Amino acid sequence: NQRSTCCESCEEEADEERRTQEDLADKVARRERQEHRRRSIIPHRFRKIPEQFKNTDPAKLPEIARGYWNEATRWTPEYNGRWLGLIGATQTGKTRLAYAIAVRNSTGENPTGKKFDFVALTASEFAHEVGTRFRECSGPAFVKELCECDLLILDGIGAEVRTDRVSSELLHIIETRAKNWKAILWTTKFK
């Protein structure tokens, strides 16, 4: 009888120790996520899906985009090639398709089941951020993060105001991502 009480006591002690370790691990993981977000130079708005693109109904897309919906939403940064370009006239659904791909890949709703992190910017946002970041001396860190995310989405390439700095940083990002087999999804209305 005493032995049974001792075992129950030991079990309770072990359970308490396990809960303490789990709580500690959760706190450490939460702190690491907070620290990563704090250190990240990429604004949160470039890492989230805009409301208007969250629940895209393929039936409401322009006809040309509907034709590519199934193929585009199966694309992953890992297995279907590292680059995907969506080219077409204005109002053909390129941006909506790009964000549908981002939704599928950031939530793991893709053929691999893997969740990919992404950064999405319009070309004009990219040009503005490059100019601002290099004036503030945070340009290299900004460019480094764009080189390292799983998927970089650049929307409206060719429409941005290009300076030598913007052109050279864009080329550097493209070359670095290509060398490291990192995916880029881009859209443009220019052929």
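Start by selecting helix H5 (residues 123-135) and helix H6 (residues 139-148) in this predicted model. Their axes come within 7 Å of each other and cross at roughly 140°. That angle makes H5 oblique to H6, because only angles over 145 degrees count as roughly antiparallel.

Now show the side chains where the two helices touch. On the H5 side, pick Phe126, Glu129, Val130, Arg133 and Phe134. Their partners in H6 are Gly139, Pro140, Phe142, Val143 and Leu146. Colour this contact by residue class and you will find seven nonpolar, one polar and two charged residues.

Next, move on to strand E3, residues 151-155. Is this strand enclosed or open? Five of its five residues are buried, so E3 is largely enclosed by the rest of the structure. Turn on its side chains to see how they are arranged: Leu151, Ile153 and Asp155 point one way, while Leu152 and Leu154 point the other way. Notice that Asp155 is buried along with the leucines and Ile153.

Keep E3 on screen and add its neighbours. Strand E2 (residues 118-122) pairs with E3 in the parallel sense, over five bridges. To find your place in this pairing, label Ala120, which stands opposite Ile153 in E3. Then select strand E4 (residues 183-188), which runs parallel to E3 and is joined to it by four bridges. Here the residues to label are Leu152 and Ile184, which stand opposite each other.

For the last stop, trace the chain from E3 through helix H7 (residues 164-179) to E4. This path is a β-α-β crossover, and it is right-handed.

Definitions and conventions. Residues numbered from 1 in each chain as written. Predicted model: local features only at pLDDT ≥ 70, side-chain atom pairs only at ≥ 80, totals over all residues. Heavy atoms only, no water. Axes fitted to C-alpha atoms, helices over the stretch in contact; angles between N-to-C directions. Parallel < 35°, antiparallel > 145°, perpendicular 65-115°, else oblique. Contact = heavy atoms within 4.5 Å. Nonpolar A, V, L, I, M, F, W, Y, C, P; charged D, E, K, R; others polar. Buried < 20%, exposed > 50% of the residue type's maximum accessible area, 1.4 Å probe, protein only. Pairing = 2+ DSSP bridges. Right-handed = clockwise from strand over helix to strand, strands pointing away.
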